[in-house]
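Open the model in your viewer and keep the sequence panel visible. The stops below are meant to be selected one after another.

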Amino acid sequence: MGLNNLKPAEGSVKKAGKIIGRGQGSGKGGTATRGHKGAKSRSGYSKKIGFEGGQMPLQRRVPKFGFTNINRKEYAGVNLDVIQAYHEAGRLSDTITVDDMIAEGIVGKNDMVKVLGRGEIKASVNVTAHKFTASAKAAIEKAGGQAQTV
């Protein structure tokens with residue numbers, strides 16, 4: 001081995017791509033591979049999301065319908081079978097409030113709670129929530145509990 005045949009280890013040298021826009025002598029000067037004119041040749045160009053080259057974009061071609069009620073209240077639903085399961089596991093006491101449900105992770109801290117009537121409840125519990133369905137309220141009271149609205 002001599003100084004004339006030394007070379008770096010395989011994979012240690014990463015050859016960068018050809019540097020562009022550094023004058024005519026580089027072979028990539030002038031337009032610097034951007035072509036002639038147009039938005040893509042200019043500095044600061046960034047394509048808008050959904051831009052289709054001037055053609056009417058899809059989100060403007062598709063018809064719109066309906067509306068969103070800005071006064072709508074969204075409720076997080078909690079079914080009776082969930083309350084029963086948590087009560088049996090000892091995670092909820094005989095008096096269940098919205099704060100108890102938040103602490104157990106059944107609902108989020110900013111949610112309004114609506115108790116729904118799926119499943120059955122055997123335990124006599126006092127439930128406090130923002131809303132109740134008629135079937136849920138009837139089932140809770142039939143089991144000997146109370147359904148109180150906040």
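The tour goes from the sheet to a buried helix residue, then to salt bridges, and ends in the segment before helix 1.

This is a predicted model, in which local features need pLDDT of at least 70 and side-chain atom pairs count only at pLDDT 80 or more, while totals for chains, interfaces and linings use all residues. Residues are numbered from 1 along each chain as its sequence is written, and side-chain values use heavy atoms, with hydrogens and water left out.

**Stop 1: the sheet**

Show the cartoon and select strands 1, 3 and 5. They form an open sheet of three strands in the order 1-3-5, with parallel pairing. Strand 1 (75-79) and strand 5 (131-132) are the edge strands, each pairing on one side only. Helices (H or I, at least four residues) and strands (E, at least two) are DSSP runs numbered from the N terminus, and two strands pair if DSSP finds at least two bridges between them. Strands of a sheet pair through backbone hydrogen bonds, either parallel or antiparallel.

Now select strand 3 with strand 5: two bridges join these parallel strands. Val115 stands opposite Phe132 in strand 5.

Add helix 2, which lies across strand 1 and strand 3 and runs at about 60° to strand 1. For such angles, axes are lines fitted to C-alpha atoms, for helices over the stretch in contact, and angles run from 0 to 180 degrees between N-to-C directions.

**Stop 2: Ile140**

Select Ile140, in helix 4 (residues 134-142). Is Ile140 buried or exposed? Ile140 is buried, because its relative accessible area is 1%; buried means under 20%, exposed over 50%, and partly exposed in between (1.4 Å probe, protein chains only).

Leaving aside neighbours within four places in sequence, Ile140 is in contact with several residues, including Val115 and Phe132, along with Leu80, Ile121, Val125 and Val127. Contact means heavy atoms within 4.5 Å. Measure from Ile140 to Ser124 as well: their C-alpha atoms are separated by 7.3 Å, and the two residues are 16 apart along the chain.

**Stop 3: salt bridges**

A salt bridge here is a side-chain nitrogen of Lys or Arg within 4 Å of a carboxyl oxygen of Asp or Glu. The count comes to four, among them the three pairs below.

- Arg118 and Asp81: the closest N and O atoms are 2.9 Å apart. Arg118 lies in the loop between strand 3 (112-116) and strand 4 (126-129) and Asp81 in helix 2 (residues 80-88), so the pair ties together parts that are 37 residues apart in sequence.
- Glu74 and Arg72: the closest N and O atoms are 2.7 Å apart. Glu74 is exposed at 56% relative accessibility, and Arg72 is exposed at 57%.
- Glu52 and Arg61: the closest N and O atoms are 3.1 Å apart. Glu52 is partly exposed at 30%, as is Arg61 at 41%.

**Stop 4: the segment before helix 1**

Select Ala32, in the segment before helix 1. Ala32 has a positive phi of about 55° although it is not a glycine, and it counts as buried at 12% relative accessibility. Lys37 is in the segment before helix 1, and its phi is near 55°, a positive value in a residue other than glycine. Lys37 counts as exposed at 70% relative accessibility.
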